[in-house]
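User: Please take a close look at a single part of this model. I would like one connected account, in short sentences.

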Amino acid sequence: IYPAHQTDGAGGTTGSIFIQDIQLEIGTEASPYVENSELAGILDDSPRIDYTESDGYLVMEPQRANYFPYSEYAGGLDAYEAPTLTHNYAISPDGTKNAFRIQDPSGSVYRRVAENLTKGGEDTWTFSVFVKKADADVSVYGGMSINFYGGTQKVLYVLFNEYDGTMVRNSQSHVSADDATLTSEDYGDYWRFIITATDQGSNISVQGNLYARLSNNWGSNANAGVKDYTAYGLQLEKGSYVTSYIPTHGASVTREQDQIELKKDLAYGAWTIFMDVDNVNLAGGGDQGHWSFRTQSDVTKSSLFFYGTCFGYRTTDTTANDYPIKYVCSLLGGQNTVFSGKWAVTYDGSTTMKFYVDGSLDSTATDVDATDTKGIQKMILNYPSAHHPNKNIKDLRVYDKELTQAEAEALTA
C-alpha cells in the first residue's frame with residue numbers, strides 16, 4: 001500500500017490514505033478479518049458448516065494434516081517423467097479458477113506428480129483428489145497410488161473414470177483388497193476420488209502419486225494412450241478415512257480438531273441436549289463414543305457422551321480409563337445400526353435423565369447423581385474411525401433447563 005497517488009500519468013511523491021485492519025493470508029480468497037495474527041488461518045472453537053448438501057451439516061472432525069505441500073499448484077511437487085501441467089486452468093470446487101490440468105501427451109511413460117515423506121508409526125493413510133467430470137465416457141484412465149517403501153514395498157494402484165465416478169484397484173497392486181478402500185464422492189462438476197491403504201510391509205516412508213495416465217485397460221497397468229484431465233485439491237493424510245479438504249500453499253497444514261464452546265458452562269444444573277443426525281453408524285468407537293460433552297480438554301475426563309445406542313455419563317471425576325460409567329440406552333437395535341433421526345437427552349439437575357428418540361420417550365435413568373455429570377462446556381468428536389462420518393449432524397441444541405416431556409417429544413418428532 002503506497003501513501004502517494006498519480007496525477008495525469010505522473011508518479012506521485014506525496015499524499016496520504018487512511019487504512020484499518022490490514023490482513024495478509026495464504027490462499028485465493030479473503031477470509032473474515034482476524035484480530036490476532038497468531039490465529040490467522042484456522043480458528044479453534046469455530047463451528048464449520050458444510051453446505052454441499054442442501055440442509056447443511058455441522059462438521060466435527062479430528063485433528064488432521066494435509067502432507068501435500070502444494071495442494072493446488074502441482075508444479076511445486078516432485079515430478080516424474082515430466083507431465084504437462086497447466087495451472088489456473090479451470091474453476092475448481094471452491095469457485096475459483098485454480099484447478100490445474102495434467103497431461104500425458106505421448107503415452108510412452110508413466111507421468112506423475114508426487115509427495116514423499118517419512119510416515120512414522122502410522123500405517124494407514126488416505127489420499128484424495130478432486131477431478132473434473134468428463135462429458136463422455138473415457139477409455140484411457142488417469143490414476144493415483146499410495147506407495148509404502150523403505151521396507152517390504154507395498155503399493156496401491158487405482159484407476160478412476162472421471163465420467164461415471166467409478167474406481168478400480170489395479171491387479172499390479174501389492175496392497176491387498178482387504179487393506180484398501182476406494183470411494184468417490186460427487187461434488188457437482190467434480191468427483192472426489194479417495195483411496196485408503198494400510199501398510200503390511202513395515203515400511204518407513206509413504207508416497208502419494210497422481211498419474212496423468214495410468215492405463216488404457218480397466219483393472220491393470222498398461223503403458224499406452226494419451227490422456228489429460230483437470231484436477232484440484234490433492235490431500236494425503238494419516239488415518240482410515242478422508243476428511244474435508246485442507247488447502248496448502250508451500251508447506252503441509254494441520255487443521256485443529258473441531259470443537260464447540262458453549263456460551264454458558266452448565267455445571268451441575270438441569271440441561272437438555274438435542275441432535276438431528278443423518279446416517280450415523282452406531283458401532284462403538286472406544287468408551288468415549290461418537291461425541292462427548294466436557295469441561296476439560298482431556299479426553300479421559302468427558303462428562304457426557306454418545307456411545308453406540310446409549311448416552312453415557314461418568315460417575316466419578318478421575319483420569320483413569322476404567323472408572324465407572326452409567327448409560328441411558330435407547331432401543332434402536334444395538335450395535336452396527338445406522339440411524340437417521342432426532343434424539344434428545346434431558347437432565348433434571350438431580351437424579352433423573354431421559355432419552356427421547358423420534359418423538360417418544362425411549363428410556364429413563366433415575367439413579368443419576370448431580371455430581372456425576374461434572375457440567376457441560378464444550379462438544380468434541382472422539383475416537384474417530386471409519387464408523388464415524390464427519391457430515392452427520394444437521395442440528396444441535398443445548399438448553400440450560402430440562403425440557404418437559406411434551407416439549408422434548410415435540411422437538412424430536
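Analyst: The second largest pocket has a volume of about 160 Å³ (the space filled by probe spheres set on grid points joined across faces, edges and corners). A pocket here is an open set of points on a 1 Å grid over the protein atoms alone, where a 1.4 Å probe fits, with protein on both sides within 12 Å along at least five of seven lines; lining residues have an atom within 4 Å of a point. The model is predicted, so to speak of local features takes pLDDT of at least 70 and side-chain atom pairs 80 or more, while totals for chains, interfaces and linings use all residues. Residues are numbered from 1 along each chain as its sequence is written, and side-chain values use heavy atoms, without hydrogens and water.

The lining is made up of Tyr89, Ala90, Lys132, Lys133, Ala134, Val138, Glu162, Lys227, Asp228, Tyr229 and Thr230. Two elements give two or more residues to this lining: strand S5 (84-90) and S15. Strands are DSSP runs of E, at least two residues, numbered from the N terminus. S15 gives the largest share of the lining, four residues.

Strand S15 (227-238) also supplies at least two residues of the largest nonpolar core, as do S6, S7, S8, S9, S10, S13 and S14. That core has 31 residues. A nonpolar core is a set of buried Ala, Val, Leu, Ile, Met, Phe, Trp, Tyr and Cys residues joined through side-chain atoms within 4.5 Å; buried means under 20% relative accessible area with a 1.4 Å probe, protein chains only. Phe127, Met144 and Leu210 touch the most other members.

Leu210 links back to the pocket lining. Leaving aside residues up to four places away in sequence, Leu210 touches Tyr229, along with others including Phe100, Ile102, Val113, Phe127, Phe160, Ala231 and Leu234. Contact means heavy atoms within 4.5 Å. Tyr229 is one of the lining residues.

Strand S14 (205-215) also sits in an open sheet of six strands, ordered S4-S7-S14-S9-S10-S11, with antiparallel pairing. Strands pair if DSSP finds at least two bridges between them. At the edges are strand S4 (78-80) and strand S11 (167-169), each paired on one side only. From one strand to the next, the twist averages 25 degrees (angles run from 0 to 180 degrees between N-to-C directions of lines fitted to C-alpha atoms). S9 and S14 run antiparallel and are joined by eight bridges. Asn147 has Gln207 in S14 as its bridge partner.

Technical notes
Buried means under 20% relative accessible area, exposed over 50%, partly exposed in between (1.4 Å probe, protein chains only).
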